[in-house]
Amino acid sequence: MILSKKIRKGVGLVVAALLLGQASLTTVADAADPLPPDVSVVELAKPAVVQVRAGATATFRFSDRAWPVAVGGTASGFIVNPDGAVVTSSRIIELLQKDDTAIRNALAERFFNEVQKQVGHRLSETERLGVAENTTLIEEVKVYKQVVLSDGQAVDFDIRWTGSPPPEALTTSTPVYSSRPVPRIQRPVTGEGVENLGEGVSPVITEPVTVKEPEQTPEPIIPLSANKEFDPVQELAVLKINASNLPSLPLMAADKDDVGQRATVIGYAGNADATALLAPASLMSVAVSSGSVTATKSGKMNANYGPLIDVEATIGPAGAGGPVITDKGEIIGLAGRTARAIGVYPVINTQAVLAALGKSGLSNASEPSEATRVYASALDMFSNGHMSKTMSILEDLLKLCPHHGPAKALMTEARQRKEAGDDNIYWPDMALYGGITLALIAAGGGYMGLRYRKLGPAAFPPALRRLMSRLGAKKGTDRGAEGDGSAAESAATKEKPISFYIPKDPPDSSAPAPGVSPAPSMGDVLEFPFAAPSKPSAQAKENKERPGLMVAAASDSAVDALPAPSQPSVAGKVASLWRTPKADAKPVIEFISGPLTGRRMVVPREGLLVGRDPLTCQVVLDDPFISKQHIFVGPDPLDKTAIIVTDKGSTNGTFLDSPAGERLEGTRTLQNGDQVYLGQRNAFVLRFE
């Protein structure tokens, strides 16, 4: 026994070393190896770009209608460490630094501006007083402090530090606070013509009302004075969200050598106007703008913050705060919000970003985060055609970082390519696992061999000894049959019991046929003598020919047949291959093609409006072939358990099951698994989960 204990201990140590070696090899490779050279830094930076929503909304009631208004706006931001540090433009955060009274005054002033647009002239003091006296607040002021991650998930943020941009550089859309009379605030009320769509959604007019399109205020152009020093730190704000294991990349210091290089700016497209706050946070893809780094023609800056440089690129107002990446793959700073000329924006250098982080007590990660490294490995495997390996890596990534939008989209695409047969074997894994398997087999075989040499047959478990005994007996029988036919016949006629497990018939099954024994209950075990083949009896022949019966023997014998169990009832024993949606199942749409591939969302009771217009649609598709309001998906008004899709008069059409399928006209009820194509490039599938 002493030798046996030593052997067991040695084999255990070998197995543990093999398994730990595999795990440590993978971990060290992930932590020490550089990023794959063929993976673009632009693709790795996209998951770290977020949308910042900062401002306030309220809804007033005046002249028998609701007036939803908003102040503030949206901007892009960049995650600079995996623990939730986000850097963005301080101009988007400025309103949140005001007190509650100032925010209410700003909302009231915006309301008066909307009334002036409707009446077509500037209100006099008397008219303003009259409007204020006949106005009530039907939806309380709601302040937005949200960071929208790459999968559309909105997370509240805390302001750790924010700069104070110079007043002469403020945008023209900044609200002006007035001491004039403001609408009185009463308790929230409801009335005719107003429909409450739920918490966080402004009431809307139920009767048709002509509403003017919001005016697009151009971004102001603020050239730098030759004698004025530009302070880039004041253009920044540092936010903190409650999240971990986020994607992030290190920033690189900007220098004069960057001038003249091609650059890429990543940020959210669209207008940064406050009206975007009136709609819930929507799924939007980031925009990638190409340009070049140039030297600023005027102005000066503290030398500690590097050179004064600009980026020439087409950047939307909501794209400010996004990272600027050179063709060397270095992130040299963030795009400023205020244009210095048409298509020219300042670069807030990395040196200034690090200074702002220092004031907030946070820091930039010196290495790519674990989520970024894993995503880089997945992109590398995907580009080389290893779909199964890509899916395995992405599964680990989504456990680490559940809100990684690009990883979800890549998972969907890899699954589709694998189902289509486009999947290459990843041989290093096969060799590794094969080597471990062979080592374990060799160790186990050596262990059993040493035990057998010491203890003989007693070294093996009882079940294995019985199997070896039967195999030996069978071998001896076969040899005897070759030399003596009578011995073979004697061994064959020796009776050995054989057991059959008989499933229970349903309660409503019919009685067995005459002459046939009734079926035993569930769990009973029948034992039949196994005899040498003989001529089948008349009863056995009759049972074989009788429909609905099955013979409970492996060969022709004198064993009576048993009745086959009848088909279970619908409520009963055998599950259906096709599952119908449960009564409490939630309708979910998942995009299978287009810019939102892999994104999933539950269809709410109010439904979802899908289109290109971010002001009215809950799901926004940045595609020129998509209409402003393309389709509506939501519950059927006559049957709340059914989901319908309605084409809103789109230009390029809506099709069912395939882009070449039937074009949708009007409204159609969707079934579980139906696919809906918006134009030719965007599609989603409906599921009940």
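**Exercise 1. Determine which ring Arg417 lies over, and then which ring has Arg65 over its face.**

Step 1: Arg417 lies over the face of Phe382, at 4.9 Å from the ring centre, where a charge is taken to sit over a ring if NZ of Lys or CZ of Arg is within 6 Å of the ring centre and within 35 degrees of the ring normal. Step 2: Arg65 lies over the face of Trp67, and here the distance from the ring centre is 4.0 Å.

This is a predicted model, in which local features need pLDDT of at least 70 and side-chain atom pairs count only at pLDDT 80 or more, while totals for chains, interfaces and linings use all residues. Residues are numbered from 1 along each chain as its sequence is written, and side-chain values use heavy atoms, with hydrogens and water left out.

**Exercise 2. Place Trp67 in its aromatic cluster and describe the pair formed by Phe111 and Phe112.**

Step 1: Trp67 belongs to one aromatic cluster together with Phe60, Phe62, Phe111 and Phe112. Step 2: the structure holds 6 aromatic pairs, a pair being two rings of Phe, Tyr or Trp (its six-membered ring) with centres within 6.5 Å, counted as stacked with planes under 30 degrees apart, edge-to-face over 60 and tilted for the rest. Step 3: one of these, Phe111 with Phe112, is tilted, at 5.7 Å centre to centre and 45 degrees between the planes. Step 4: both Phe111 and Phe112 are buried, that is, under 20% relative accessible area with a 1.4 Å probe, counting protein chains only.

**Exercise 3. Work out the strand order of the open sheet that contains strand 28, and find the bridge partner of Val645.**

Step 1: 5 strands form this open sheet in the order 24-23-25-26-28, with mixed pairing; strands are DSSP runs of E, at least two residues long, numbered from the N terminus, and two of them pair if DSSP finds at least two bridges between them. Step 2: strand 24 (619-620) and strand 28 (667-670) each have a single partner strand, so one side of each is left without a neighbour in the sheet. Step 3: strand 26 (residues 639-647) runs antiparallel to strand 28 and is joined to strand 28 by 4 bridges. Step 4: the bridge partner of Val645 in strand 28 is Arg668.

**Exercise 4. Judge the confidence of the model, for the chain and for its elements.**

Step 1: the protein chain averages a pLDDT (the predictor's confidence in each residue, from 0 to 100) of 75, and 67% of the residues score at least 70. Step 2: among the elements, strand 6 (residues 194-195) has the lowest mean pLDDT, 33, and strand 9 (residues 236-241) the highest, 95.

Technical notes: Buried means under 20% relative accessible area, exposed over 50%, partly exposed in between (1.4 Å probe, protein chains only).
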